[in-house]
Amino acid sequence: MQEVLTAGLMVGGALFMLVAALGVLRMPDLFLRLSASTKASSFGSGLILLAAAAHFADTGVTSRAVATIVFLLLTTPIAAHMLGRAGYFVGVKLSDRTVIDELAYQYDLRTHRLASRNPATTTVETDSVSPES
Amino acid sequence: MTTFLLNILLAVSWIALTGAFTPTNLVIGFVLGYSVLAMTQRLMAPSGYFTKVPRVISFALFFLWKLARASVRVALTVLSPRLNIRPAVVAVPLDVRSNGAISLLANLITLTPGTLYLDVSADRRVMYIHTIHVDDPDEFRRAIKDGFERRVKEMLE
Amino acid sequence: MTVTDLALYGVMPILALAMMFAFVRLLRGPSLPDRVVAIDLLTALGIGTIATYAIATEQTALLDVAIVQALVSFLGTVAFAYYIERTV
């Protein structure tokens with residue numbers, strides 16, 4: 001029973017990571033890649049660490065695995081946020097399949113402050129340019 | 001908060017009485033203590049503990065459900081030969097104001113596959129979210145506001 | 001041969017394949033943040049590999065390495081992001 005659980009968690013985590021890596025390879029722009037890779041680091045490694053906890057069935061190992069998972073869940077979104085922000089400042093291009101970009105021109109490039117125009121009035125920016133093509 | 005401490009005290013005494021210090025026993029003690037406290041709550045000072053705990057649990061279940069659904073969808077997108085994506089950066093107006101609530105919301109949004117939290121405006125009115133597939137930005141806004149934001153608000157504010 | 005041993009035969013190649021994908025992205029770029037994403041993914045895959053290896057060799061001490069890697073990779077990514085943002 002315990003072995004099946006270990007094997008299942010391990011295989012699940014590995015497949016999760018494979019899908020994420022494939023996403024990082026195939027996605028057309030930085031933000032899509034980020035959105036694929038953050039899940040790998042949090043859930044893929046999380047599942048494999050849980051597999052280790054299930055395999056050893058020991059309080060010390062379980063607490064270490066859970067602490068690492070909590071740490072990963074707390075930090076990966078922060079890292080992704082900082083990278084995405086940095087990417088926006090460097091001027092990384094969004095994929096040409098992007099439908100709407102409501103963040104465009106909202107950053108003040110000198111002071112690094114982010115404005116908030118009323119989103120209700122600025123919804124349609126690039127949307128009018130044929131969304132399906 | 002005191003009710004929570006009382007609950008822990010009951011869980012610890014359950015462990016002491018049964019004499020087996022295992023994580024499973026701790027959980028059992030906690031659940032038993034919780035039900036005892038819930039039954040006797042009219043005898044004590046009123047506390048928000050009994051509305052909060054079910055809310056946190058239902059939130060966790062809701063998040064896991066969202067997570068499972070979104071993971072499968074994103075996995076299918078990545079594996080499909082023609083990437084079926086319509087990415088967008090959507091500005092979502094915020095109702096939550098406190099630091100804790102905003103950062104919890106941001107973390108949850110990034111952890112859900114398919115959406116990525118980018119930034120919050122300096123005046124904390126708007127959160128910018130990147131999403132892999134959007135059909136209607138207003139629909140997306142409503143989904144975030146009615147789903148995650150409402151529940152985070154209920155839980156923390 | 002147990003179920004876990006059998007699973008290890010599948011998991012290790014899958015992780016190696018994922019690492020190869022991430023490495024291709026690291027080489028191709030095109031921008032610096034893209035490469036940082038690839039490095040971040042590689043360290044995450046490293047954490048997974050170390051945990052798998054801990055199971056394979058029955059060494060619980062290896063899990064400490066996974067913890068350290070998780071801590072360091074976060075600091076590394078944040079430092080890279082900070083550097084990229086300041087160089088504009």
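**Exercise 1.** Is A:Ala57 buried or exposed, and what relative accessibility decides the class?

*Solution.* Start with the model: it is predicted, local features need pLDDT of at least 70, side-chain atom pairs count only at pLDDT 80 or more, and totals for chains, interfaces and linings use all residues. Residues are numbered from 1 along each chain as its sequence is written, chains are lettered from A in the order in which they are written, and side-chain values use heavy atoms, with hydrogens and water left out.
Next, take the classes: buried is under 20% relative accessible area, exposed is over 50%, and partly exposed lies in between (1.4 Å probe, protein chains only).
A:Ala57 has 57% relative accessibility, so A:Ala57 counts as exposed.
Now place the residue. A:Ala57 sits in the loop between H2 and H3 of chain A; helices are DSSP runs of H or I, at least four residues, and strands are runs of E, at least two, numbered from the N terminus.
Finally, check the backbone: A:Ala57 is not a glycine, yet its phi is positive, about 45°.

**Exercise 2.** Describe the interface of chain A and chain C.

*Solution.* Count residues first. Chain A brings 44 and chain C brings 47 to the contact (heavy atoms within 4.5 Å).
Then take the area. About 4200 Å² is buried, with 80% from carbon and sulfur atoms; buried area is the accessible area (1.4 Å probe) that two parts lose on being put together, summed over both.
Look for salt bridges (a side-chain nitrogen of Lys or Arg within 4 Å of a carboxyl oxygen of Asp or Glu). There are 3 between chain A and chain C. One of them joins A:Arg64 to C:Asp64, with the closest N and O atoms 2.6 Å apart.
Last, assign the elements. Helices H1 (2-26), H2 (30-56) and H3 (59-90) of chain A each supply at least two residues of the side that touches chain C. H3(A) gives the most, with 15 residues.

**Exercise 3.** Do the same for chain A and chain B.

*Solution.* Here 42 residues of chain A are in contact with 40 residues of chain B.
The buried area is about 3500 Å², and carbon and sulfur atoms give 66% of this area. A:Arg26, A:Arg97 and A:Leu114 supply 17% of the area that chain A buries against chain B, more than any other three residues.
The salt-bridge count is 1. A:Arg85 pairs with B:Asp119 in a salt bridge, the closest N and O atoms being 2.7 Å apart.
H1, H2, H3 and strand S1 (100-101) of chain A each supply at least two residues of the side that touches chain B.
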